[in-house]
Amino acid sequence: MAKVTLHNIMKVYPAVDRGEKPAGKKNRSEDFVAVRDFNLEVSDNEFIVFVGPSGCGKSTTLRMIAGLEEITEGEFYIDDELVNDVAPKDRNIAMVFQNYALYPHMTVYNNMAFSLKLRKEKKEVIDQKVRSSAELLDITELLHRKPKTLSGGQRQRVAIGRAIVRDPKVFLMDEPLSNLDTKLRNQMRAEIIKLRERIQTTFIYVTHDQIEAMTLGDRIVVMNNGQIQQIGTPQEVFDDPSNLFVAGFIGTPQMNFFNDEKLLLNEGKYYITLFDQNIELPQRKQEILKARNQEETDVVVGIRPPHITISDNGTLAELDIIEMMGSELHLHLNVDGKDIIVVTPTTATDLSTLHKHQQVKFSFHPELIHIFDKEIKTNLFSL
Amino acid sequence: MRSARMKKKGRRRGYLNPSFAFAMPGTLVYSLLLMLPILFAFASSFTNWNGLTINLENLRFIGIDNYSRMMEDTALKTAVGVTLFITVVVVLAVNILGLGLAVILKNSGRMTNIIRTVFFLPYILSSIAVSFIWMAIISYTGIINSFLISIGLDDFIINFSATKWSSIFWICVVEIWRSIGFYMTIYLAALQGVPQELYEACVMDGSGKWSRFIHITLPMIVPQITVAFLLSVINELRIYDVIFVLTGGGPGTSTQSITYNILTQSFVNWRSGYASAMAVALCVVITIIAAVSMKISKKLEVDV
């Protein structure tokens, strides 16, 4: 258990070292800035998830926490102790790697016991710790086997076992489920949730999968281009995305965006233009905009697909595509050439009444729309 | 159906299977230049052939006489001792130093690339050429002695061929210098095949550099260690040309290697039957060493 604080963390790869690093923003001549202005406080026992697209800097940040990458600028504290220059082995951090990184020449037992042996723990202590961790992960019967003979899921458990056997202050996981098939991934996700209840420690978890992020994290750190876009609980990030990127990245199918809309102010009331109508914003949103003296501006309007309903009244559209996803239907509507996705529960819709190129009407609740400044791309309702 | 019928038709007319036809030239050359001489050497090792005569009347089958004579041959015993000594020293040196160099030069950069090339260069020269280069340096009238004399250090001049052990020392130096780049290259390739993640996991587990080398690098490159070890053993057991140029087997016959001895017996003493028997014995020894080390390596090898 430990508190982790990252203050103004920055990672720059000098031009000469580059090559295998992903493309991104450049700074100073040819230097590559992988992470910038990273500020985060992780409390004791918290489960934090870094999520973002490939190359957004989430793994780099995790590797800086682990000590596998040097921190170019900024301070990194574990329990109020500055550990920028502390060697990885002295940070008391354990890490689970994406490809497991099990030692192929050692049995599962030795893989798990290796770090304890290096610490010169007594044989009985090692044995007791390895066996209790193996029991916790249900891998006792695999202890004498070599990693090559294990399935992906079993290897994953061993990798986790190797980490928890050390009783680390901070537990890092770098996309640990991305090499598993969907079924196994769902299963392991549930196991990580259970594991987290059993071992009291601080978790930092990296993923590009928003479902993992939403289901595992106490808080989510959404990253893009080496910068934090938003930190919040899964609910906060979903309900109040701080900017266009977060709104588009979190939520499947993606939020519907309407790019060429306007925020109007008329007699002290705010309206938005959408589908050739002026829609008055609800009271709560009016107040937020008023409080910051928001002026009229160009905006992007966003509505999540489940927040649009097919109804008897509303805007007329043509039904382009019907996707049956099992428990829900994804309907692609066409309004003046613009594709709008609607998600509706299968149980609430009579499929036989829907067919391609049919004219339908849809509506949405103004309370559930998001408005983003078109230029700076921030959410106008974010406080 | 059609091709089956064509095949049948082809066979009836007496055509060769095309795959045999394609393999024929290679097989022919290989048989003529390699298999036949080997079989011939094996056969002649049971005869008293002198390597010159084609008069079959004087050629006698003498059974295993040549093989039993080897047991009492003192020159051969010396040669075996010299060869084994050189083999042990050179094999250990090129493998340990080669691996050491590979570890140092693992990360590529402009400077390390140049150094790698410099170390590899001697290997592409013929060993005869390498030996003559070294002769120019270490011989009595060579560069080192000329330099020592020019600065007045006459007392320190080297006479490398004066004694058996100084000769062997310099033979080993030249052999190591010549071949270390090759083994370094094998180890460089081996090191690059070890997944970086394993090292990182090891760092997280709390290991230092030495412990990473022992616990990750070494076990992961066992197959390449076997290959390098085997190649170096085979090369050194067959050592000939460096000795031929540097010492000519001297002083006396004290630095003759097994191969040197075989060639002397065959082309100086004209006892080709006996020389063939020695060659066959050497071949058997090398085969046994190869088989044993493969077996050991298989046990140590890591399945990834």
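In this predicted model, a salt bridge links the two chains: the side chains of B:Asp205 and A:Arg166 come together with 3.8 Å between nitrogen and oxygen. Two salt bridges in total are found across the interface of chain B and chain A. Polar contacts join the chains as well, with seven residue pairs counted between chain B and chain A. On the side of chain B that touches chain A, two helices, α9 (196-204) and α10 (209-220), each provide at least two residues. The biggest share of that side comes from α9(B), which gives seven residues. Sorted by character, the residues on the side of chain B that touches chain A comprise 10 nonpolar, four polar and four charged ones.

How many residues does each chain bring to the contact? Chain A takes part with 23 residues and chain B with 18 residues. The size of an interface is often expressed as the accessible area lost when the parts come together. Here, chain B and chain A bury about 1,800 Å² between them, and carbon and sulfur atoms account for 67% of this area. Three residues stand out on the chain B side: B:Glu197, B:Met204 and B:Asp205 supply 39% of the area that chain B buries against chain A, more than any other three residues. One of them, B:Asp205, is also the salt-bridge partner of A:Arg166.

Helix α9(B) deserves a second look. It is mostly covered, with seven of its nine residues buried. These are B:Leu198, B:Tyr199, B:Glu200, B:Ala201, B:Cys202, B:Val203 and B:Met204. What covers them? The cover over the buried residues of α9(B) includes α10 of chain B and, from chain A, α1 (58-66), β7 (93-96), α2 (108-118) and α4 (152-164). Just past the end of α9(B), B:Gly206 adopts a positive phi of about 100°.

Another helix of chain B, α4 (residues 74-104), can be followed from end to end. Its 31 residues reach 44 Å from the first C-alpha to the last, close to the 45 Å expected at 1.5 Å a residue. At the N-terminal end of α4(B), B:Asp73 acts as a cap, with a side-chain oxygen 3.0 Å from the backbone nitrogen of B:Ala75.

Turning to the partner, chain A contains nine helices and 20 strands. The C-alpha trace of chain A spans about 75 × 55 × 40 Å along its principal axes. Of the 383 residues in chain A, 50% are buried. Among the contacts in chain A with a separation of 6 or more, 67% join residues 24 or more positions apart.

Methods
Residues are numbered from 1 along each chain as its sequence is written. Chains are lettered from A and ligands numbered from 1 in the order in which they are written. This is a predicted model: local features need pLDDT of at least 70, side-chain atom pairs count only at pLDDT 80 or more; totals for chains, interfaces and linings use all residues. Side-chain values use heavy atoms; hydrogens and water are left out. Contact means heavy atoms within 4.5 Å. Buried area is the accessible area (1.4 Å probe) that two parts lose on being put together, summed over both. A salt bridge is a side-chain nitrogen of Lys or Arg within 4 Å of a carboxyl oxygen of Asp or Glu. A polar contact is a pair of N or O atoms within 3.5 Å; within protein, one must be able to donate a hydrogen and the other to accept it, and residues adjacent in sequence count only if both atoms are side-chain atoms. Helices (H or I, at least four residues) and strands (E, at least two) are DSSP runs, numbered from the N terminus. Ala, Val, Leu, Ile, Met, Phe, Trp, Tyr, Cys and Pro count as nonpolar, Asp, Glu, Lys and Arg as charged, and the others, Gly among them, as polar. The expected span of a helix is 1.5 Å times one less than its number of residues. Buried means under 20% relative accessible area, exposed over 50%, partly exposed in between (1.4 Å probe, protein chains only).
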